[in-house]
Amino acid sequence: MIYKRSSALFVEAQKVIPGGVNSPVRAFKAVGGDPIFVKEAKGAYLYDEDGNKLIDYINSWGPMILGHAHPAVVEAVVEKARKGTSFGMPTEIETKIAELAVSMVPNIDKIRFVNSGTEACMSAVRLARGYTKRDKIIKFAGCYHGHSDSFLIQAGSGAVTFGSPNSPGVTEGTAKDTLLARYNDLENVRQIVEANEGEIACIIIEPVAGNMGCIPPHTGFLEGLRTLCDTHGILLIFDEVMTGFRLAKGGAQERFGIAADIVTFGKVIGGGLPVGAFAAREEIMNHLAPLGPVYQAGTLSGNPLAMAAGLTMLTLLDQEQEIFDRLEEKTAYLHKGIAEVLERHQIIHTINRLGSMISVHFAEGKVVDFETAAAANNDTFKKFFHGLLEEGVYIAPSAFETWFITDALSYEDLDATIQAIEVVAQKL
Ligand SMILES: *Cc1c(COP(=O)(O)O)cnc(C)c1O
């Protein structure tokens, strides 16, 4: 496989864009080499600037759950664009997608649309703070909720009680209001809650973690958080930016039968356009401006093109429950295939999967939290990544990412992927 043009484009990009990318995860920093420049994509495949065809397991990091350039979504966007691309005034389509989202997702009465998952999570936390009149929040090490200041706090020894900023630019004042807990460790959360009685506004969590690879919650963990929140007057925020409209129509809330107080969305909800959203029951959402005092706004929020893509995507998912069954079956098939190959070649690994989220960790034991995810062998991952690329399979250039399975993948694609892993495994 040749990457001449991608490399040349990367050289040009680096002159005018920091690191040559508009989001760091697109760089190949963790795996080495130059990022691939995409020319176009259709269904399950990417076509890069050098003319290579790749089976895509990133799918824009989640949104393209039905594959790239889905005809109905493209059609809806093109048709809308002809009628004007932004007004900064209410449009009917915003109510349509809101009604549909509210009908698909449990425990929400009202929803507000924003432009990214970051914005959704940032606004959800502000709303939780405004509603509870408390300042502190609990987040889990290894969970990602976008790049707003309160969330750029990572675990480190001694940082469990008072978070320390892990990005310059996040002030100590902000960091100290974010308390860090261990994923899948209810006792740890309980201790933090009890040590900060009456001060915690919300616990925000990825109900299935997807930003340290895929890490499903232990049985009882989410239930335990729900009970803890109820006991201490804390709001439970499910960050469903990744799991929403993916694990089920109603996301993780439906999948696990647990009610969150505020839910955030992104990725799938925009059908590939920049959309995020946050939602809750009426009593909480009515605290938002212009009804209530908690301010939140956006010039391009509810943008007609974005709403057209999102509404079409959600309508397709709402109409066909079988999509979720198919996604699950395909992911299970891939899981079995990968496991069989890696076991036969005696490569130490752990595969985590829930629904259509799956990740391969080159780790010895179980991967249940950030620490165990971080303990995996990154050298093996690098070889695995570049080996697969050479075979025409594109997974995320980081061991801390979930693979996103799409309905556009055929069983032939999955077999080709498993065959590629066979070739790569021989060299690991
Ligand atoms: C991607 C992601 C975000 C951030 O969304 P952006 O649209 O990239 O700002 C937040 N939370 C989770 C769980 C995500 O996976």
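Here is a chat about the ligand site, a pocket, two sheets and some backbone details of a predicted model.

Reader: Before we start, what kind of model is this?

Author: A predicted one, where local features need pLDDT of at least 70, side-chain atom pairs count only at pLDDT 80 or more, and totals for chains, interfaces and linings use all residues. Residues are numbered from 1 along each chain as its sequence is written, and side-chain values use heavy atoms, with hydrogens and water left out.

Reader: OK, which residues are around the ligand?

Author: S116, G117, T118, Y144, H145, G146, E206, N211, D239, V241, M242 and K267. A residue is near a molecule if one of its heavy atoms lies within 4 Å of it.

Reader: How does that shell split by class?

Author: You get 3 nonpolar, 6 polar and 3 charged residues. Ala, Val, Leu, Ile, Met, Phe, Trp, Tyr, Cys and Pro count as nonpolar, Asp, Glu, Lys and Arg as charged, and the others, Gly among them, as polar.

Reader: What lies 2.6 Å from an oxygen atom of the ligand?

Author: A polar side-chain atom of K267. N211 also has a polar side-chain atom facing a ligand oxygen atom, at 3.2 Å, and from G117 a backbone N or O atom lies 2.8 Å from an oxygen atom of the ligand. The cut-off for a polar contact is a pair of N or O atoms within 3.5 Å.

Reader: And how much of the ligand's accessible area does the protein cover?

Author: 83% of the 380 Å² that the ligand has on its own. That area is from the Shrake-Rupley method with a 1.4 Å probe.

Reader: Switching topic: how much space lies in the second largest pocket?

Author: About 590 Å³. A pocket here is an open set of points on a 1 Å grid over the protein atoms alone, where a 1.4 Å probe fits, with protein on both sides within 12 Å along at least five of seven lines; lining residues have an atom within 4 Å of a point. The volume is the space filled by probe spheres set on the points.

Reader: What lines that pocket?

Author: There are 27 lining residues, and E94, I111, R112, F113 and Q296 lie nearest the centre. Two elements, α3 (92-104) and β4 (110-114), give two or more residues each, with β4 providing the largest share, 4 residues. Helices (H or I, at least four residues) and strands (E, at least two) are DSSP runs, numbered from the N terminus.

Reader: Now sheets. What's the strand order in the one with 4 strands?

Author: β1-β2-β3-β13, an open sheet with mixed pairing. Strands pair if DSSP finds at least two bridges between them. β1 (38-42) and β13 (393-394) are at the edges with a single partner strand each, so one side of each has no neighbour in the sheet.

Reader: How do β1 and β2 connect?

Author: They form a hairpin with 2 residues between them, and G43 in the turn has a positive phi of about 60 degrees. The two run antiparallel, joined by 4 bridges, and V38 is opposite D48 in β2.

Reader: Which residue has a positive phi although it is not a glycine?

Author: N59, at about 50 degrees, in the loop between β3 and α2 (71-81).

Reader: Where's the cis peptide bond?

Author: Between A289 and P290, with omega about 10 degrees. P290 sits in the loop between α9 (282-285) and α10 (304-319).

Note on methods:
Polar contact = N/O pair within 3.5 Å; in protein donor to acceptor, adjacent residues only side chain to side chain.
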